[in-house]
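Subject: A structure for you to explore

Hi,

Here is the structure I promised to pass on to you. Have a look around first, and then read my notes below.

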Amino acid sequence: MSKGKRTGFIEKQIEDLTKELQSISNKQDSKTIASILVKRGLLYESMNQLDKCQQDIQTAFKMDPTNQELKSLLMRVTASKEHPETNKQDNNDPQVARFQEILHKLDTVDANSVKSLVSSNDFISILTSCGSLNTSPRVKSLAFMILSKLFNPPSEATSKYPLTFIIEKCAACFSYSVGQGKNESKLLAYRTLQAIFQTSMTVGSAILCQEGTVEEMMDTVEFEIVPVQIAIAEVLNIASSDKSCRKQILKYATDWLAKMASQNKTDPHLKAAAGTILTKLKAQSDMPTDEPTEGLSSDGSVHSDNLSDSMRKMQLTSDDLVDSLKQVIKSKSSDANIVLNALEGLAYSSLKPEIKVSLGEDDEFLKCLSTLAINTVREESSTSKNPLLFGIGTIFANVTMYRRILNEQEKQMKKLRDLANAKQRQAEGKPAEVNDDDDPREQDSAVEGRINKAIKNGISLALIVLSKSDSANIRAVAAQTYLNIVTPQKTRGQLLQQGVIKGLLPLSRDEGTTGITASQALAKLAITADPRLAFHGDTILDLVRPFLNLCKDSSQLRQFEGLMALTNLASVEDRARLLIENADGMSTFENLQLSNNDMVQRAATEMVCNMTFCDPVFERYSDPKKSQNRIRLLMILSDHEDPATRRAASGALAILSNSPGTCEMILKVDKCYERMARWLEAEETVEVKHRGIEVIRLLLQHKGKQVIEGLCKEGIDKKLVDVVKNCNVQVVRSLAVEVLKQLSENGVKIST
């Protein structure tokens, strides 16, 4: 195929995929959309349009963030983008042209076409290109694209797709290379298998889990040269995320891993990789599960016991593993692979309370972790270091994480799971676990202690670095960590001084969970700090939309915090009120006034009261043609059992009653005079009395004799006299006297 025809063919495929994306309904599975985006991104990459490729892959990863294959693909695309000079050289490489042709001709719907390719020498070249360190980035990228297409067929091809045939061919190539006995062949075999895992966990695990594969690897591993041992460890590391592979690793590899992790003479890269694998295995085995115990073999033995036995033999504890990985970070190693392995292991283990304490109370470790994040960006662009930054962010997020508040259904599920686990541990003769609710290391006070240490050791600067990343996952962990560290009120002033707004504001503009989480962190800051001091210049205006998004969230806590933050902003900045009005914020507040949560209902009413100072809102609420129901709701809420809600609703009515239209609507509300009388009850708060008297004053001013009968029928004149006699607040007494004069002028005889 000529270059021109090939380009035209690719462009047609891109056009078809774009149309397919546009035709998909919003209700369709996001993973389907992600799959189409990946296909289009790979086509863009084949045309060297790396910006468009990266954008599609990033969007796909955001939709399917747990997909390790997408993560690996994004890393490779990013690496290719950062070395454009290599890409130019690759365009003249005949292997590039050959792989492009294979990719474009590959029809995964046609089983015979797939079998023909997999049986050819070209397939050997593709596998070799993925595993060889000497392969150029462009060729390697195309090889990965071909494997990705082969290993992940479209849904319409799966019923007759020869995936088993592909796995058998890959396994045969792997066995042949290992069987050669040469170090170069073994290195190629294990690095290629690692590449296969990155492209498809299904295919990778099928190869590794073949009978005798892991067992044979472990039989000879101690006789291999260090680079081969490292390659084997890297395969086991990525494979340990798969359940089937994990069983094989637990059964055959734990002795060697424990030995490598415990010996000081072990190569640092190998030691870090072994420690990471053991940490991940330990974290998985300790994790509560709703399924039967993982690792049960056919003869009833428990493979996970192998892990404990292996570590015990080498006198290796979980604390030793964590300390070893911590030491990698503290030593400021320049080997990115060693650091990455250490970060991955610590990120896995930092979910456990004892590890949170170990990491969160180690000043030196926290300072080195913050420094690592900053230096990562200084040395190279952040995109090439995404795995490092993600590991750093995950550790910070876990160490500072508060215990999640469970809803009733989740509480019941937890009780059942804890009961099942307790029975299981009892049957195995193991001691009962400490309930998280009773664990002092997970109490709020303990978390706040770790947060204070993290702030002291530079977490703010590290988070600013993370917030500037273009990785959706890194931005997500940065937002969560920000929310964690602003939760204690005592930390907020210090964090504002350290410039957390610089990191939080861009994150709040992200879509989905990241944006909402960052907005909630900003709201906490806005609630307790004076907006004029906390947010400089027009930053106040930039916060309106994120806070409105919080109000629209399904979480009532977020709704409440969004309302409170907006109330603070609107109270100090008229332009903020206008922005809220233009963004149709009032519709949101009015809906939240009907919330079944008293605190949300109160905050929404306070926000409405605040917004009545905005001219367009005042005019709309004063128009009888538009707002009779709005005034009725305010009257009902002014009679609410919550004093703060009554105060806010009566305050809004007091402002709006300056308009004759509002007074007219108030009088149309059922039992309006009874409600007014309750504003003046002896046990009512002075704030509500003050606002209620103001409403009555304005009703008399605008409606005169029309309201006299209704007021006197409810004894409001007598209640006003009681206010004058008993209220200690001068301004309220004076206002009551003024209203009594109005009543007197309209013929009401005042009895003192």
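A search of the whole structure finds 37 salt bridges. Please keep in mind as you read that this is a predicted model.

Let me walk you through a few of these bridges. One of them joins the side chains of arginine 441 and glutamate 354, at 4.0 Å from N to O. Where do the two partners sit? Arginine 441 is in the loop between helix H24 (408-427) and helix H25 (444-456), while glutamate 354 belongs to helix H21 (residues 353-360), so this pair ties together parts that are 87 residues apart in sequence. Both ends can be reached from outside to some degree: arginine 441 is partly exposed, with a relative accessible area of 31%, and glutamate 354 counts as partly exposed at 31% relative accessibility.

Next, look at arginine 630 and glutamate 590. Their salt bridge has its closest N and O atoms 2.9 Å apart. The pair links distant parts of the chain, with arginine 630 in helix H39 (residues 624-637) and glutamate 590 in helix H36 (residues 585-592), 40 residues apart. Is each partner buried or partly exposed? Arginine 630 has a relative accessible area of 22%, so it is partly exposed. Glutamate 590 has 17%, which is under the 20% cut-off, so glutamate 590 is buried.

A third bridge connects arginine 678 with aspartate 639, and here the closest N and O atoms are 2.7 Å apart. Arginine 678 lies in helix H42 (residues 672-679) and aspartate 639 in the loop between H39 and helix H40 (643-656), so the pair ties together parts that are 39 residues apart in sequence. Arginine 678 is partly exposed at 32% relative accessibility, and aspartate 639 is partly exposed too, with a relative accessible area of 27%. Elsewhere, Arg98, Glu101, Lys105 and Asp122 are joined into one network by salt bridges that share partners.

Now for the inside. In soluble globular proteins, nonpolar side chains tend to be buried together. The largest nonpolar core here has 135 residues, and Ile329, Phe547, Phe589 and Met676 touch the most other members. Which helix gives the most to this core? That is helix H27 (residues 472-486), with eight residues. There is also a second, separate core of 90 residues, which includes Ala143, Phe151, Ile207 and Ala273.

Phenylalanine 547 is a good residue to click on. Setting aside its neighbours within four places in sequence, phenylalanine 547 is in contact with Ser519, Leu522, Ala523, Ala526, Gly562, Ala565, Leu566 and Leu569.

On the surface, there is a nonpolar patch formed by Val686, Val729 and Val731, with about 190 Å² of accessible area together. Valine 686 is found in helix H43 (residues 686-703), and its relative accessibility of 31% makes it partly exposed.

One last stop is glutamine 498, in the loop between helix H28 (489-497) and helix H29 (500-508). Glutamine 498 has a relative accessible area of 30%, so it is partly exposed. Which residues does it touch, leaving aside its neighbours within four places in sequence? Glutamine 498 is in contact with Ile455, Ser460 and Ile464. The C-alpha atoms of glutamine 498 and isoleucine 459 are separated by 10.0 Å, and these two residues are 39 residues apart along the chain.

Enjoy looking around!

Best wishes

Conventions:
Residues numbered from 1 in each chain as written. Predicted model: local features only at pLDDT ≥ 70, side-chain atom pairs only at ≥ 80, totals over all residues. Heavy atoms only, no water. Helix = DSSP H or I, 4+ residues; strand = E, 2+ residues; numbered from the N terminus. Buried < 20%, exposed > 50% of the residue type's maximum accessible area, 1.4 Å probe, protein only. Contact = heavy atoms within 4.5 Å. Patch = residues over 30% accessible without salt bridge, like charges linked within 9 Å, V, L, I, M, F, W, Y side chains within 5 Å. Areas by Shrake-Rupley, 256 points an atom, 1.4 Å probe, with all protein chains shown as cover. Core = buried A, V, L, I, M, F, W, Y, C linked by side-chain atoms within 4.5 Å.
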